[in-house]
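Q: Please take a close look at one helix of the shorter-lettered topic below, and then follow the text outward to what surrounds it. Plain wording is enough.

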Amino acid sequence: MSQFYTSTDHFVLLPALLLAMFGCAVLLFDFWIFPQEQLRKHLIWFVALGEAFTAIALFRQYSFLNEHGGELVAFNGALVIDGFALFFHWLFLAATLIVALISYRYLEVREEHHGEYYGILMLAQCGMFFLASGTDLVTMFVGLELMAVSFYILVGFLRTDKRSNEAALKYLLLGAFSSGFLAYGFSLLYGMAGSTRLRDVATAVAARDLKDPILLMAIGTVSVGLFFKVSAVPFHMWAPDAYEGAPTSVTAFLSVGSKAASFALLIRLFTALGAARSVWEPVLAGVAVLSLTIGNFAAVTQTNTKRLLAYSSISHAGYMLLGLVAGNDRGLQGMLVYLLVYTFMNLGAFLVIIALNQKDVAGEDVADLGGLIHRNPGYALLMLVFLLSLAGIPPTAGFIGKYYIFMALVEAKMYFLAVIAALYVAVAVFYYFRMVRSMFVEKQEHAGPLTTSFGMRAALVVTGLATLVVGLYPEPFVRLAQTSLMR
Amino acid sequence: MGTITPTHYLVLSAALLLIGTAGVLLRRNVVVVLMSIELILNAVNLNLVAFGNMAGQLNGQIFAIFVITVAVAEAAVGLGILIALFRNKETVQVDEIDLLKW
C-alpha cells in the first residue's frame with residue numbers, strides 16, 4: 001500500500017492548492033471584511049499575491065524538472081507535472097493575470113464590480129490546472145467541471161443585462177450537455193480498462209478490436225464532448241452567443257483560457273486513444289475542415305466584433321485540430337506554438353474592444369472602430385498588429401503558428417488539407433481587413449478621447465510585444481514548445 | 001428468470017442517454033432541459049457503478065459520487081442563472097430566449 005499524501009504529491013499539487021485557497025479567500029473577504037465599497041478595489045492585490053505564490057510554486061517545479069529531467073508523478077499517477085503541463089500552466093497564469101488587470105475598469109464602467117469575480121477567476125484557473133496536469137479520468141472530469149461552472153457564472157456576471165443572462169444560460173445548457181457526453185465516454189473507457197488511470201486506458205484501448213462497438217461508442221461520445229469544449233463545428237453553436245453576451249473581459253478569458261485548457265485535455269485524451277488512431281483521425285480531419293469553413297465564412301457577415309472574433313476563434317480551433325491530424329511531432333509542436341501565439345493575439349484584440357467600451361458606448365460594433373487612427377493612434381496600430389497576426393501575415397506571431405501547422409501537414413503528406421488550410425487564410429484576411437478598414441478609412445463614429453487605466457495599458461503593451469517578438473524572433477518559443485513535448 | 005448481465009446495464013444506460021439527449025434537443029422548457037441533462041449524468045452513474053461492480057472495485061462508485069456532486073453544482077448554477085433571466089425576461093421557454101443571434 002502506497003503512502004497517502006507524500007511530499008511529491010504536495011509539491012505537484014501546490015499551485016492548484018494555492019489557487020483554490022486564494023480564490024476562496026477572495027470570496028470570503030469580499031463577503032466579510034470588505035463590505036465598504038472603497039475597500040473593494042484592494043481585493044485585486046489578493047489575486048496578485050495568489051498568482052505570485054503560484055508562479056513561485058510553478059518555477060520550483062520547473063527548476064526541479066530542469067535538474068532531474070523526466071516528470072513528476074503524484075497520487076499514484078492521477079496528476080503529473082511534465083513539460084507539457086508546465087507549458088500550459090504558464091499560459092494560464094499569463095492569461096489570468098492579464099484578464100485580472102483589465103477587468104477592473106471594465107466592470108466599473110458596467111457598474112457590476114464585485115469581489116467574487118476575482119475569486120471565480122482564480123477557481124477557473126485552478127480547474128485549468130487539473131485539465132493540463134490530470135492523467136486520471138476522475139481528475140480530468142472534476143477539473144473540467146470546476147473550470148466550466150466557474151465560466152458559467154462569469155459569463156452571466158452582468159446580472160441585470162438580459163443578453164448576459166441569455167448567454168450564460170445557453171452556455172450552461174450546451175456545456176452541461178457536452179459534459180454529460182464526455183462523462184459517458186469516460187464511463188465506457190473506465191469499463192474497458194477497469195481503471196481510471198489514463199495509461200491503463202491506453203493499454204486497454206490498444207488491446208481492443210477496433211470494430212468493438214463499446215470502443216467506438218466511447219471514442220464517439222468523448223469526441224463529441226471535446227469538440228463542444230474547443231468549439232469545433234458542428235458543436236460550435238454556443239460560442240458566438242456566449243462570446244457576444246458575456247462581459248468582454250470574460251469573453252477574452254473564455255476565448256483563450258478555456259480553449260487552451262480544453263486543447264490540453266484533447267491532446268492528452270487523443271494521445272491515450274492513440275491505438276485507435278485510424279478511427280478518429282478522419283473524423284478529426286473532417287471536423288477541422290468544417291470548423292475552418294463555417295468559422296471563416298460566418299465571420300464574413302458579422303457586424304458585432306465580439307461575434308466576429310468568436311467565429312474567427314472557431315476557425316483557429318480548426319487550424320489547431322489539423323496539428324493533431326498531422327500526427328507527427330511537428331504537428332503537436334505547432335499546436336503548442338499556435339496556442340501560445342493565439343493566447344496573446346486574441347487577448348490583445350479583445351483588449352482593444354474593451355478599451356472602446358466607454359460610459360455610454362458599448363463599442364462592440366465594427367462601426368465603433370471607425371476612425372480609431374485619429375482618435376487614438378496607439379490603439380489603432382496595436383489592433384492592426386493583432387489583426388494581422390490573427391490573419392497569419394508575417395512578420396507577426398500568427399504566421400509562425402500557421403507555418404508550423406502547414407509544415408506538419410506537408411511532412412505528413414496531407415497536401416490536400418494543407419492547401420485547404422492555406423486557402424482559408426485568404427477568407428480570414430478579408431474579414432479582418434474589414435475591421436482594419438473601419439479603423440483607418442471610415443469616419444469617426446464617436447467623439448472624445450478614450451479613457452483607460454494603467455492595467456489596460458500594461459496589458460496591451462505585454463500582449464502587443466508578445467505578438468511582435470514571437471513573430472520576429474520565434475526560435476526560443478519554438479524551442480520551448482519542443483522541449484515541453486520532449487520531457 | 002435469467003440473471004442480470006452487464007449487457008442489461010449497458011442497454012439501460014444507453015437508453016437513458018438517448019432519452020436525455022432527445023429531451024435536451026426537443027423540449028422547450030429550460031427546467032425540463034436541465035432535468036434531461038440529469039438523466040444523461042445518471043446514465044453515466046449507472047455505467048460507472050455497473051462496471052465497478054463487474055471489476056470488483058470501488059473506483060466506479062467513487063467516480064459516480066464525483067459525478068453526482070458535479071451534477072448538483074451544475075444544476076444549482078443553472079437554476080441561479082435561470083432565475084436571473086426570469087427576473088429580466090419572464091420566460092423559461094427556450095425559443096423565447098432569442099436576443100443573441102446573427
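**A helix of chain B and its surroundings**

A: Just beyond the end of helix α2 of chain B, Gly56(B) has a positive phi of about 65°. The model is a predicted one, and the values here are computed from it. At the N-terminal end of α2(B), Asn29(B) acts as a cap. One of its side-chain oxygens is 2.9 Å from the backbone nitrogen of Val31(B).

The length of α2(B) can be checked. The helix has 26 residues, so at 1.5 Å a residue it should span 38 Å. Its end C-alpha atoms are 38 Å apart, which agrees.

Next comes the contact with the other chain. In chain B, 41 residues are in contact with 45 residues of chain A. The two chains bury about 3,700 Å² between them, and 77% of that is on carbon and sulfur atoms. Between chain B and chain A the count of salt bridges is 0, while 8 residue pairs are in polar contact, both residues being at pLDDT 80 or more. On the side of chain B that touches chain A, at least two residues come from each of α1 (6–26), α2 (30–55) and α3 (59–89) of chain B. The most comes from α3(B), with 15 residues.

Across the interface, chain A has an average pLDDT of 90, and 98% of its residues score at least 70. Among its elements, helix α2 (residues 37–40) of chain A has the lowest mean pLDDT, 68, and helix α6 (residues 137–155) of chain A the highest, 96. Where pLDDT is low, the predicted coordinates should not be read in detail.

A helix of chain A can be checked for length too. Helix α17 (residues 397–411) of chain A has 15 residues and reaches 22 Å from its first C-alpha to its last, close to the 21 Å expected. Its buried residues include Ile400(A), Tyr404(A), Phe406(A) and Leu409(A). Among the elements covering the buried residues of α17(A) are α13 (305–326), α16 (377–391) and α18 (415–440) of chain A. After α17(A) comes Lys413(A), with a positive phi near 60°.

One residue of chain A serves as a last example. Thr96(A) is part of helix α4 (residues 83–109) of chain A. Its relative accessibility is 1%, so Thr96(A) counts as buried, the cut-off being under 20%. Leaving aside residues up to four places away in sequence, Thr96(A) touches Glu51(A), Leu121(A), Gln125(A) and Phe253(A).

Technical notes:
Residues are numbered from 1 along each chain as its sequence is written. Chains are lettered from A and ligands numbered from 1 in the order in which they are written. Side-chain values use heavy atoms; hydrogens and water are left out. Helices (H or I, at least four residues) and strands (E, at least two) are DSSP runs, numbered from the N terminus. The expected span of a helix is 1.5 Å times one less than its number of residues. Buried means under 20% relative accessible area, exposed over 50%, partly exposed in between (1.4 Å probe, protein chains only). Contact means heavy atoms within 4.5 Å. pLDDT is the predictor's confidence in each residue, from 0 to 100. Buried area is the accessible area (1.4 Å probe) that two parts lose on being put together, summed over both. A salt bridge is a side-chain nitrogen of Lys or Arg within 4 Å of a carboxyl oxygen of Asp or Glu. A polar contact is a pair of N or O atoms within 3.5 Å; within protein, one must be able to donate a hydrogen and the other to accept it, and residues adjacent in sequence count only if both atoms are side-chain atoms.
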